[in-house]
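Biologist: I am new to this structure and would like a close look at one short helix. Please start there, and then follow the buried and exposed side chains and the charges outward from that part.

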There are 2 protein chains.
Amino acid sequence: MFSIGELSKRTKVKVPTIRYYEEMGLLPEAERTAGNQRRYDTAGLERLSFIRHARDLGFSIEAISSLIELQDHPDRSCEAATDIAASQLADVRAKIKRLKTLEKELSRISKGCDGDGMSEDCYVLASLADHGLCDQEH
Amino acid sequence: MFSIGELSKRTKVKVPTIRYYEEMGLLPEAERTAGNQRRYDTAGLERLSFIRHARDLGFSIEAISSLIELQDHPDRSCEAATDIAASQLADVRAKIKRLKTLEKELSRISKGCDGDGMSEDCYVLASLADHGLCDQEH
DNA sequence: TCTTGAACCTCTAGCCACTAGAGATCGTAT
DNA sequence: ATACGATCTCTAGTGGCTAGAGGTTCAAGA
């Protein structure tokens, strides 16, 4: 049994975040000492590691909630879990696509400036003021 | 002179968002009718278009604030504006990089499942539980 | 001129996933 | 026994809006 600080160190999840996860129902309510401090065992450690890994991969708290539920009901869990992962993947791909469009536009705008600093018309500002100067929609 | 609703239609920025921008200082306080309703002219329209375009490109409210200040002080503005745009570009590129790592990992995890749905060990759940199964850090 | 009714006003609260801080209590080492 | 770091709960703040309540104003039609 170890403290929340120890759990935090081992998982690299900050202490208030652990409490937040408990409040959100991602972690079961921890056992307490006589003095009301939380104590954890390896089960808690594993669950928090799972949560952290999923968060790192961009899964929402809600999605993680679903995944945790699925862990507890192994029948049909794989299909549903794969769905959630696939949806997360689609999300990530959509974000990449959008960001690539932005990258193109921003690098075009940035390059447009001659770096002179003395020109009375700044291409960056002009581009932002007038969407017509853009290559694509974004 | 036109109403906030008209401005909203022309810029495709929602009415509460316009009020929010005013509160945040991105838009100057609008003139008012005798009955306290906001009225705008083309100057307001242009500034809001600028803001919307910059937001679409992912600039933060704070960055836009700086850009607007620069508009009003044309000396040295180009250098500073280019800096802000470059920093935004770097941000976007960093995000793309991170998302690409996630994409790889997620597609690997998703493919790991045989789609059977009957296997007692779900690869998605196993992968999330054990970071050691991952190819890379993320 | 009067009456609708859509558009407007302000204010508060909610979203997500935390983060920060106050002020009090606990646990452990000396 | 004391010190002091770790923990507790609670509230509020972050960014960039969005939603809703409850009240007022504007403009068009009768």
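Modeller: Start with helix α2 of chain B, where B:Pro16 and B:Glu23 are exposed, on the other side from the buried residues. Keep in mind that this is a predicted model. The helix covers residues 15–23, and its buried residues are B:Ile18, B:Tyr21 and B:Glu22. Seen down the axis of α2(B), these buried residues fall within an arc of 100°, so they line one face of the helix.

The same question of cover can be put to helix α5 of chain B. B:Leu106 is found in that helix, and B:Leu106 is buried, because its relative accessible area is 0%, where the cut-off for buried is under 20%. From B:Leu106 to B:Cys78 there are 28 residues in sequence, and the two C-alpha atoms are 41 Å apart in space.

Helix α5 also carries charge. A:Lys100, A:Lys104, B:Lys100 and B:Lys104 form a positive surface patch. The elements giving two or more residues to this patch are α5 (77–112) of chain A and α5 (77–112) of chain B. One of these lysines, A:Lys104, sits in helix α5 of chain A. With a relative accessible area of 54%, A:Lys104 is exposed.

Other charges are paired. In total, 16 salt bridges are counted over all chains. One of them joins A:Arg93 to B:Glu103, with the closest N and O atoms 2.7 Å apart. This pair crosses between chains, running from helix α5 of chain A, which holds A:Arg93, to helix α5 of chain B, which holds B:Glu103. A:Arg93 has 41% relative accessibility and therefore counts as partly exposed. B:Glu103 also counts as partly exposed, at 22%.

A second pair stays inside one chain. A:Arg108 and A:Glu105 meet through their side chains in a salt bridge of 2.4 Å, N to O. These two residues are three apart in helix α5 of chain A, so about one helical turn separates them. A:Glu105 is buried, as its relative accessible area is 1%. Salt bridges can also share partners: A:Glu22, A:Arg32 and A:Arg38 are joined in this way into one network.

A third pair lies in helix α3 (residues 42–56) of chain A. There A:Arg52 forms a salt bridge with A:Asp56, the closest N and O atoms being 3.6 Å apart. About one helical turn separates A:Arg52 from A:Asp56, because they are four residues apart in the helix. A:Arg52 counts as partly exposed, with 31% relative accessibility. A:Asp56 is buried, its relative accessible area being 19%.

Last come two loop residues. Most residues other than glycine have a negative phi. A:Asn36 is not a glycine, yet has a positive phi of about 80°. This residue lies in the loop between β1 (31–32) and β2 (38–39) of chain A. At 52% relative accessibility, A:Asn36 counts as exposed, since the cut-off for exposed is over 50%. In chain B, phi of B:Asn36 is positive too, near 75°. B:Asn36 is placed in the loop between β1 (31–32) and β2 (38–39) of chain B.

To return to the part you asked about: helix α2 of chain B has B:Ile18, B:Tyr21 and B:Glu22 as its buried residues, and B:Pro16 and B:Glu23 are exposed on the other side.

Methods. Residues numbered from 1 in each chain as written. Chains lettered and ligands numbered in written order. Predicted model: local features only at pLDDT ≥ 70, side-chain atom pairs only at ≥ 80, totals over all residues. Heavy atoms only, no water. Patch = residues over 30% accessible without salt bridge, like charges linked within 9 Å, V, L, I, M, F, W, Y side chains within 5 Å. Areas by Shrake-Rupley, 256 points an atom, 1.4 Å probe, with all protein chains shown as cover. Salt bridge = Lys/Arg side-chain N within 4 Å of Asp/Glu carboxyl O. Lys, Arg positive; Asp, Glu negative; His and termini not counted. Charge placed at Lys NZ, Arg CZ, Asp CG, Glu CD. Buried < 20%, exposed > 50% of the residue type's maximum accessible area, 1.4 Å probe, protein only. Arc of directions from axis to C-beta.
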